[in-house]
Amino acid sequence: MTDIPGTFRMMHTMIRVRDLEASLDLYTRLLGMTLLRRADFPEGRFTLAFVGYGPEDSNAVVELTHNWEQDKPYDLGTGYGHIALGVHDIHGVCKDLADAGAKIPRPPGPMKHGTTHIAFVDDPDGYKIELIDLDTMG
């Protein structure tokens, strides 16, 4: 194991999605990410799509893995937490997301034991996306 600073770089978080097009719609159209690349692997019967707010060589991104024969929802498990996105005007952002059909199970408000305002959005597979109001971080 190395302890050389700068040796490692965060590259991506991978989540498995059942409906790739619905997931791409949420992450790109509603959350403003860009589809950076997409590749089908017919021999393995899966597709990988990478989305993010900037190029992969300088930004951490989200890898959406779609297994073609997955017809049942994935078990999200108890170890997964969430993806966090910083926003300004969390109330306005959540209203726009809800108006566009996104599920907001935790509306904006102060986090427990703190003053930073947060909210949660569910993606089409039930993965949690935390929105953090950058204007209220203290």
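Modeller: A salt bridge here is a side-chain nitrogen of Lys or Arg within 4 Å of a carboxyl oxygen of Asp or Glu. The model is predicted.

Biologist: What makes D25 and R29 a salt bridge?

Modeller: Their closest N and O atoms are 2.7 Å apart. The cut-off is 4 Å, so the pair qualifies. Both residues lie in helix α1, 4 residues apart, about one turn of the helix.

Biologist: Why is R29 called exposed?

Modeller: R29 has a relative accessible area of 52%. Exposed means over 50%, so R29 meets the term. D25 has 32% relative accessibility; that value falls between 20% and 50%, so D25 counts as partly exposed.

Biologist: How do you know that R38 and E21 meet in a salt bridge?

Modeller: The N to O distance between their side chains is 2.9 Å, and the limit is 4 Å, so the pair counts. R38 lies in strand β2 (residues 34-41) and E21 in helix α1 (residues 20-30), so the salt bridge ties together parts 17 residues apart in sequence. R38, at 42% relative accessibility, is partly exposed, as is E21 at 46%.

Biologist: What makes R45 and E69 a pair that links distant parts of the chain?

Modeller: R45 forms a salt bridge with E69, with the closest N and O atoms 2.7 Å apart. R45 sits in the loop between β2 and β3, E69 in the loop between β4 and β5, and they are 24 residues apart.

Biologist: Why is E69 exposed but R45 partly exposed?

Modeller: E69 stands at 51%, over the 50% cut-off, so E69 is exposed. R45 has 39%, between 20% and 50%, and is therefore partly exposed.

Biologist: How many salt bridges does a search of the whole structure find?

Modeller: The search finds 6.

Note on methods:
Residues numbered from 1 in each chain as written. Predicted model: local features only at pLDDT ≥ 70, side-chain atom pairs only at ≥ 80, totals over all residues. Heavy atoms only, no water. Helix = DSSP H or I, 4+ residues; strand = E, 2+ residues; numbered from the N terminus. Buried < 20%, exposed > 50% of the residue type's maximum accessible area, 1.4 Å probe, protein only.
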